[in-house]
There are 4 protein chains.
Amino acid sequence: MLGSGFIGRFYAESILGQRSRDQIVSVYSRREESAKKFAKDYHCSHWTTNMEESIARPDVDLVCISLPNNLHEIAVLLCCKHGKAVMTTKPLGRNATEARRMLEAVEDAGIFNGYLEDLVYTPKFLKALESVKNGALGRILWAKSRETHPGPHSDWFLDLEQAGGGCILDLGCHCVEIARSFIGKDIKPIEVMCWADTQVKPIDAEDHAIGLVKYENGAIGQFEVSWTFRGGLDLRDEVMGTEGTIWINNFLRTGFEMFTTGKGADYVAEKAESNTGWLFPVGDELNELGYNHMFADVFNALEQGRAPKETFYDGYVVNAVLDAAYRSAKTKLWEPVQLDIWRGRTGVGKDSHLTEYDADHYLVKEEMTHYGAKKIILKNKTTGKITEQVIS
Amino acid sequence: MLGSGFIGRFYAESILGQRSRDQIVSVYSRREESAKKFAKDYHCSHWTTNMEESIARPDVDLVCISLPNNLHEIAVLLCCKHGKAVMTTKPLGRNATEARRMLEAVEDAGIFNGYLEDLVYTPKFLKALESVKNGALGRILWAKSRETHPGPHSDWFLDLEQAGGGCILDLGCHCVEIARSFIGKDIKPIEVMCWADTQVKPIDAEDHAIGLVKYENGAIGQFEVSWTFRGGLDLRDEVMGTEGTIWINNFLRTGFEMFTTGKGADYVAEKAESNTGWLFPVGDELNELGYNHMFADVFNALEQGRAPKETFYDGYVVNAVLDAAYRSAKTKLWEPVQLDIWRGRTGVGKDSHLTEYDADHYLVKEEMTHYGAKKIILKNKTTGKITEQVIS
Amino acid sequence: MLGSGFIGRFYAESILGQRSRDQIVSVYSRREESAKKFAKDYHCSHWTTNMEESIARPDVDLVCISLPNNLHEIAVLLCCKHGKAVMTTKPLGRNATEARRMLEAVEDAGIFNGYLEDLVYTPKFLKALESVKNGALGRILWAKSRETHPGPHSDWFLDLEQAGGGCILDLGCHCVEIARSFIGKDIKPIEVMCWADTQVKPIDAEDHAIGLVKYENGAIGQFEVSWTFRGGLDLRDEVMGTEGTIWINNFLRTGFEMFTTGKGADYVAEKAESNTGWLFPVGDELNELGYNHMFADVFNALEQGRAPKETFYDGYVVNAVLDAAYRSAKTKLWEPVQLDIWRGRTGVGKDSHLTEYDADHYLVKEEMTHYGAKKIILKNKTTGKITEQVIS
Amino acid sequence: MLGSGFIGRFYAESILGQRSRDQIVSVYSRREESAKKFAKDYHCSHWTTNMEESIARPDVDLVCISLPNNLHEIAVLLCCKHGKAVMTTKPLGRNATEARRMLEAVEDAGIFNGYLEDLVYTPKFLKALESVKNGALGRILWAKSRETHPGPHSDWFLDLEQAGGGCILDLGCHCVEIARSFIGKDIKPIEVMCWADTQVKPIDAEDHAIGLVKYENGAIGQFEVSWTFRGGLDLRDEVMGTEGTIWINNFLRTGFEMFTTGKGADYVAEKAESNTGWLFPVGDELNELGYNHMFADVFNALEQGRAPKETFYDGYVVNAVLDAAYRSAKTKLWEPVQLDIWRGRTGVGKDSHLTEYDADHYLVKEEMTHYGAKKIILKNKTTGKITEQVIS
């Protein structure tokens, strides 16, 4: 385990708790104190402040990178050097150039690589994706993912050099991969429009952004990310298809509601902004956020000699989309997504969805009016004229 | 009452039901049959297929325009000619040029004018706006309004000549005025970015669009509109401020849930896409959609000799924003909002919200970590360096 | 208007706001100061501390009783004496004996009488009842109503002599009439089982109670009432029928959610237990609680010379059910409802709902198993033996 | 694994999926075909139609009983005979007499015993219980659990001889243990009042029941169970305490909402009553229903040589409460819970919760009125008189 901060500890709890046969055998941290504490808390026999020492140990099968963004590449290259399987927290790189170098490095070295994008492993997402693939929503038109909260947990997120960006990079990477998964990972993202601003925090990076990602088949991905949201962690996805709709709320409204005056005890709610009044905890945070299903997939993939669902290639695609978003926020233009490596389909056009009504007309809409009549709206195939008829 | 279609009948039910002392004394419709039926249903003593005849009648105090968009201007000019108070359904014009002519006409004629934007009169919106004005949310950063459904009720909506546009004009006019109200009607909308496409319907106009409206104080308005949504009428607003959040669901999730196998009877649910399974009716549609509070305000305003909350001026501003959206959808650029007439504040800058921590630092964030420690993140005023400290 | 307290003011706001042509011409209060303030606030030309003086005034068409429970009978008898139409807040009497005397008095005097049970006039209830009557739920099996909050607004509620009881009388009267309406007002309530206790408040009356009301057709009504609930005003109804389900949330979850840190301003939320954190206001309290639709029905009924939906007779039936509940709470037995006056159906038996499958079997259930097989469960008509078959 | 039906397969999926190092080595089923299929599906090396053969196998460490209720005792006694650790699905017995015999048998034999009450292991329940134990809700006053659905999956549930009862035994066992856990497993259940009826199904057992369970400290447990509910699987818990409230929805409303016209594909939703319209799947059924956390606790307990959270003793207490419920449904009286074996506290009285205001008064309530005044309601310690004062 490289890194012993907030996300490292989260990962450790999932890794140790889930399958019960995996162990963390070595931890690296930049700070000795932090490494020691982590090693003690998670029964880890070795700790060090030398990254390569940890990676090189013979009892390490798989390296988990939970470091600030600017250290991902260094750690990945060391894994390549020592031929160790590697999994990296999101985002893969600070930009697509870094991500591409990491992708090429692991592929050249022929090592197992996993991209730890937990939010495409939440139980709700997995079930929703299955429904989408089964056709329950028809053709996908739009997929939005929103992640907003009151700001990150550690200082380095707020430092442009270490983080490489603000909430777009920190949160947008989740949202882009969620929308891309619903629309189809083989459909090429073409161009991005993004608004970003620093509205509240005294920082150089953006703390609020909204972006649109156009895909080759005409579908639209949307992300809404912010470090200025008040009220907790807002994690919602929405999908529109020609035959259906999906709404997912991963965190703030999951069927668990609690009111407390706070007089009963020193109750402290995790991640909430207050500990009195109406609170909305989740039952099992590691599960709701996808950590359990993610590590299960990665470990099973490693054992079975297959790739996990999310690899460095996916991390690279996400970085390329986010790079276009950053460019767009500056140029105020729709910016093309620059994907030098693309392994999906190409030349996918927009579907036509004219519904035949009779020889001369397309059906536009059937309608039950509020005063009880049934109406149909038709379009003449030749003239294009739109007319309505009351049927009954 | 000019017009006897879907919206005309909705208005009639609210007007007659609410205050119980208002009467519809004359109805004009382009089709005699429709005019007759309306007159009978709503106890209206006079009907005609001649618009001016209806407007000119001495017992008409206030003219209600419920006609297709392309007939608004004609009707407004006739009201000016006969000096009759007038209220017009939304949008005011097909574009800002039409809207401006109507605005100038009623102001030159000195007649009472109301803009029937019902969705800023829903009970939830009114209460939410009151909270925002009381400061419960602090400074407003972002206000989104979403209106999507499976498509309009009448043929003329789908005809570009009559309607002047697609779902942007039909639904976006609501969303723009909602966001503008939360952000402040005296804050100038500056520029608009809009994506629009025809994804499903066999029509020339757009059936899905997403837009961002930048305001002079740095706040962002967002609209999401579509005629391709499946599942009913989705009417939601969200507001983010520095001190709080508001989420409003006006229609599909209002605390009324019903499951029916459909075997019990020929039950037909209004506006829903199905009449079996889980259904989500609203209690009182006229009230939830704001019609009652809207007509109460307009009638009271007329009696008290004051302007209603929404006038032709507001309709003109909305049209100007939507014009920029249409331009943006074509040019793919952020398009400026062209407001020749602007009666709000100008030169409003972005607020600074640096929070003082001590002589040398700003406070970036206080944080309770998931392992129980309290942390603060600070920014050095001089160097800009961001650091964190564990407090306890 | 007799009474100028919490409920009197609520009524006044609805009466004056709704139809806009009704006026409160006289107010009586036991306290001069309160009468004066009410008169001023609601533009009421006459005030008095002499109840009969107010009732007898020639410009009073309809008397509205908003007094503590122990004063209802006195006020009703004065209305009878002066031949004035009367409407009374809930519950009608402190017990069925009082209620019956009031019922007989108004009927002997031949005066218009309305029972102000607002919660069967909420927009959601009205729509739900319409669905139930249309058969959307099939045969009604169970109807529950829950009203709980942190305790009443005025001292007299807590005084057994004035109130006649605790939360059963205060809140249970709503719940009983709601369940009775869904089950059918012509179906006789037969017996009641009730648990009641004083769990928290330092009072003699009960502050928490749960009751079951058995109806002649086998349906069950349920009430859950409390003055010890924390979190606001919890107003929920649930109905189960053979073909469907209804869930109504009238107050705490109606599609309006707000988070506020409280730093923005001295915002005070009505009726909530806190004014920071997540809050759940309703849009328009008078409408959501049924006041507007209730007074509209009563006034229209008076004008049209018909009885309103709820009369003293309904109040009497409710009091008879609550009397049985109070007896049951003491005796711990199912207590019969003593209804000397009953105007509904009698001798209604339980429905049989055997579903024919074939000549030899009834159908118990069709089932789709989680591993994809379709199963039916049958009961042999002769032997009663239950068997299952996998169909596909 | 004894039993290869619906619940056996559910268990198998959780056991194999969760820790990834546990194996099912033998399966017994009454039907050869079913045993074979189960063995094949879950990679189980041995199958048999002879129960003892399965239990006696040397590679079996822990026997999992997933059989109809009438076979639990036989299977438990065989486990005792062969000294095998055992875990049994709910309810433990068909009645407390059977349950007591099983409890005494495993304790006499000194074997590990687990009671598979999954619903006190759901992630939401575990988090809620932690909050309750931390005092977030103060003193617990009432705990309700509701489980209703359209009827059981297999024929034997509907056969009184095999099942021992109807929905009270099938579903009430969950509800009783949930409420008991919130109130405190060391607090003695004293007496039960229960209504039960067969309202819809053509069976001898009850298909709908409501019960109240009184505990020694004055707290009330409530269960609502039915096989006649329409709309899916309704699994909700509610808890009221002096300082707070908890509402849990385990299944039908968990933040996952899907609408589908059904035209997209042959989509089949698990456990739902329909596969079109609005559907409410859960993300991960095994997790949401508590199976994963339950088996983790049982296996960890077995490895660590401790008792699991739920043992046969708990199953016995639940059966004793349900026995009282069945008696009450017949006698219409509050029936005492007969607990010959009781290992919790005894003689626990009701708490007093008078709040001191000043030397002469208790505080009854503080109140913010809807017209803006702050009021307090007091009770005189000597006279008991209740008065109110407006503070500001």
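In the predicted model, D:Pro91 is found in the loop that lies between β4 and α5 (96-109) of chain D. The peptide bond that leads into this residue, from D:Lys90 to D:Pro91, is cis, with omega near -15°. A cis bond also occurs in chain B, from B:Lys90 to B:Pro91, where omega is near -10°. B:Pro91 is placed in the loop between β4 (85-89) and α5 (96-109) of chain B. Chain B has a further backbone feature at B:His43, a residue other than glycine with a positive phi, near 50°. B:His43 belongs to the loop between α2 (32-41) and β2 (46-48) of chain B. Most residues other than glycine have a negative phi, and most peptide bonds are trans.

Strand β4 of chain D, which precedes the loop with D:Pro91, is part of an open sheet of three strands. The order is β3-β4-β5 (chain D), with parallel pairing. The edge positions are taken by β3 (62-65) and β5 (113-116) of chain D; each has a single partner strand, so one side of each is left without a neighbour in the sheet. From one strand to the next, the twist averages 15°. Between β3(D) and β4 (residues 85-89) of chain D, the parallel pairing extends over four bridges. Within this pair, D:Val63 stands opposite D:Val86 in β4(D). Helix α11 (residues 312-331) of chain D packs on the sheet and touches β4 and β5 of chain D. The direction of α11 makes about 45° with that of β5(D).

In chain C, three strands likewise form an open sheet with parallel pairing, in the order β3-β4-β5. Strands β3 (62-65) and β5 (113-116) of chain C are at the edges, and each pairs on one side only. The average turn between neighbouring strands of the sheet is 15°, direction ignored. Strand β3(C) runs parallel to β4 (residues 85-89) of chain C and is joined to this strand by four bridges. C:Ile65 has C:Thr88 of β4(C) opposite. Two helices of chain C are associated with these strands. Helix α10 (residues 291-304) of chain C lies across β3, β4 and β5 of chain C and runs at about 165° to β4(C). Helix α11 (residues 312-331) of chain C packs on the sheet, where β4 and β5 of chain C are touched; the angle between the directions of α11 and β5(C) is about 45°.

Ten cavities of 30 Å³ or more are present in the structure. The largest cavity holds about 1200 Å³ of space. Its lining consists of 47 residues, of which A:Glu257, B:Glu257, C:Glu257, D:Arg253 and D:Glu257 are the closest to the centre. Classed by residue type, the lining comprises 15 nonpolar, twelve polar and 20 charged residues.

The model has an ipTM of 0.91 and a pTM of 0.93. For chain A, the mean pLDDT is 91, and 95% of the residues reach 70 or more. In residues 267-271 of chain A, pLDDT stays under 50. The model has 19 contacts beyond four places in sequence for this stretch. Where pLDDT is low, the predicted coordinates should not be read in detail.

Note on methods. Residues numbered from 1 in each chain as written. Chains lettered and ligands numbered in written order. Predicted model: local features only at pLDDT ≥ 70, side-chain atom pairs only at ≥ 80, totals over all residues. Heavy atoms only, no water. Pairing = 2+ DSSP bridges. Axes fitted to C-alpha atoms, helices over the stretch in contact; angles between N-to-C directions. Contact = heavy atoms within 4.5 Å. pLDDT = per-residue confidence, 0-100. 1 Å grid on protein atoms, 1.4 Å probe; cavity = no way out; pocket = protein on both sides within 12 Å on 5 of 7 lines; lining within 4 Å. Points joined across faces, edges and corners; volume = space filled by probe spheres on them. Nonpolar A, V, L, I, M, F, W, Y, C, P; charged D, E, K, R; others polar.
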